[in-house]
Amino acid sequence: MLIKSISLKNFRNHTDYFLKCNPTTTLILGENGCGKTSVLEAIYILTQGKSFRATDPDIIKRETDFYRIEINFDTGVKIIATYDNLNKTFQISDKKTKRLSAKNKYPVILFLPSDLNLISGSPSRRRDYFDRFFSTLNPIYASVLNKYEKALSQRNKLLKTEYIKKDTLFPWDLILAKNGLILKNFRHQFIEEINQYLTTTYRSIAENNDEITIEYTTDYNEITEAEFLKLLEQKYEKDRVLGHTSIGVQRDNYEFIFNQKPADGSASRGETRSIILALKFIEARLIVEKLNQKPIILLDDVFSELDNKRRSCLINNFKNHQVIITSVEKFTIEK
Ligand SMILES: Nc1ncnc2c1ncn2[C@@H]1O[C@H](COP(=O)(O)OP(=O)(O)O)[C@@H](O)[C@H]1O
Ligand SMILES: [Mg+2]
């Protein structure tokens with residue numbers, strides 16, 4: 001599916017904005033702060049259901065009381081999202097829903113300048129990154145993650161209340177134990193699939209013989225649901241003092257290993273960029289393989305961060321996809 005056009009009303013700094021998209025490459029050029037990332041944000045909301053950087057109250061144009069964004073696809077599908085400071089509504093054809101269902105989502109690959117810091121960034125950044133990626137790959141992952149996060153936030157809220165009994169937490173503990181282990185299994189499986197392609201993809205970009213893998217680490221490899229429940233119970237006093245849940249897959253980590261050493265500290269800036277590019281290419285590849293859909297590529301201001309060789313690599317790799325690029329300056333790409 002290809003995007004034909006997108007229009008925004010009262011969305012961030014845009015009062016009325018319309019963009020016609022090319023089937024191949026669309027370039028959005030403009031000064032910093034003119035609203036380029038916001039256009040990608042709107043596309044993201046209309047294909048993924050929510051923003052990658054904020055919640056609706058921040059997005060609605062200041063001093064207005066609603067936003068409306070619309071996307072038209074080449075298949076005739078049209079999706080409209082509106083938000084009026086209270087309710088968010090998606091309208092797909094003539095049906096209105098509160099949330100964008102899995103069947104109405106369309107895969108996109110978002111490439112932000114901050115992704116280039118993924119390797120050295122905090123574990124939570126990597127968790128968010130892979131959670132987003134795996135949610136696209138498998139709607140079951142998305143729904144399990146959603147259940148897990150809701151239960152965790154409820155449990156943490158309860159832990160902060162003054163009068164609470166251990167038993168009150170039990171229903172939440174059950175959800176965490178069950179879904180936490182499902183997430184762990186998915187994460188192992190997806191990381192293994194990424195690893196199958198990572199070194200070869202990296203080498204095709206860097207043109208050398210380096211080796212790169214991702215290591216997924218969790219404390220819950222050998223544990224059953226019952227054992228996990230027991231652990232949660234044992235940590236109850238500690239969690240009460242902390243005011244949050246101290247164990248669980250919300251603390252898992254992903255580490256990039258470059259020639260048998262942690263990439264953070266051993267891979268150069270250029271190598272790091274090649275690793276991230278490789279990861280993006282694999283993202284697209286797995287989405288095509290698993291969902292049989294061609295993701296739309298959203299490149300937010302990343303060209304300024306890449307040298308000529310990596311720019312052309314990026315463009316060549318995605319030449320069969322619809323690509324939407326934002327940039328402050330015009331740029332050239334060597335063939
Ligand atoms: N809710 C809002 N209402 C009005 N303006 C906003 C809102 N949120 C952000 N902005 C402004 O919109 C502009 C666009 O931001 P952004 O899309 O990130 O720009 P760019 O990517 O072109 O640098 C920024 O100047 C920001 O201050
Ligand atoms: Mg921007």
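This is a short tour of a predicted model, moving from the domains to the ligand shell and then to two helix pairs.

**The two domains**

Begin by colouring the chain by its domain assignment, which gives domain 1 as 1–106 + 294–335 and domain 2 as 120–292. With both domains shown, the C-alpha centres of domain 1 and domain 2 lie 27 Å apart. The contact between them draws nine residues from domain 1 and nine residues from domain 2. If you now select the side of domain 1 that touches domain 2, its residues divide into five nonpolar, two polar and two charged.

**The shell around ligand 1**

Next, select ligand 1 and the 15 residues around it, of which Asn-13, Gly-33, Lys-36, Thr-37 and Ser-38 come nearest. Two elements, helix 1 (36–48) and helix 2 (56–59), give two or more residues to this shell, and helix 1 gives the most, with three residues. Colouring the shell around ligand 1 by residue class shows three nonpolar, seven polar and five charged residues.

**Helix 3 against helix 4**

Move on to residues 123–137, which form helix 3, and residues 139–160, which form helix 4; the axes of these two helices come within 5 Å and cross at roughly 130°. Helix 3 and helix 4 are therefore oblique to each other. To see where they meet, show the side chains of Asp-131, Phe-134, Ser-135 and Leu-137 in helix 3 together with those of Tyr-141, Ala-142 and Leu-145 in helix 4. Sorted by class, this contact of helix 3 with helix 4 has five nonpolar residues, one polar and one charged.

**Helix 9 and what follows it**

Now select residues 269–291, which are helix 9, and check its length: at 1.5 Å a residue its 23 residues should span 33 Å, and because its end C-alpha atoms are 33 Å apart, the model agrees with that expectation. Step on to Asn-292, just after helix 9, where phi is positive, at about 55°.

**Helix 9 against helix 10**

Keep helix 9 in view and add helix 10 (residues 308–317), which packs against helix 9 at an angle of about 5°, with the axes 11 Å apart. That angle makes helix 9 roughly parallel to helix 10. The residues to display here are Arg-273, Ser-274, Leu-277 and Phe-281 from helix 9, which meet Arg-310, Cys-313, Leu-314 and Asn-317 from helix 10. By class, the contact of helix 9 with helix 10 comprises four nonpolar, two polar and two charged residues.

Technical notes: Residues numbered from 1 in each chain as written. Chains lettered and ligands numbered in written order. Predicted model: local features only at pLDDT ≥ 70, side-chain atom pairs only at ≥ 80, totals over all residues. Domains from an automatic or database assignment. Contact = placed C-beta atoms within 7 Å. Nonpolar A, V, L, I, M, F, W, Y, C, P; charged D, E, K, R; others polar. Near = placed C-beta within 6 Å. Helix = DSSP H or I, 4+ residues; strand = E, 2+ residues; numbered from the N terminus. Expected span 1.5 Å × (residues − 1). Axes fitted to C-alpha atoms, helices over the stretch in contact; angles between N-to-C directions. Parallel < 35°, antiparallel > 145°, perpendicular 65-115°, else oblique.
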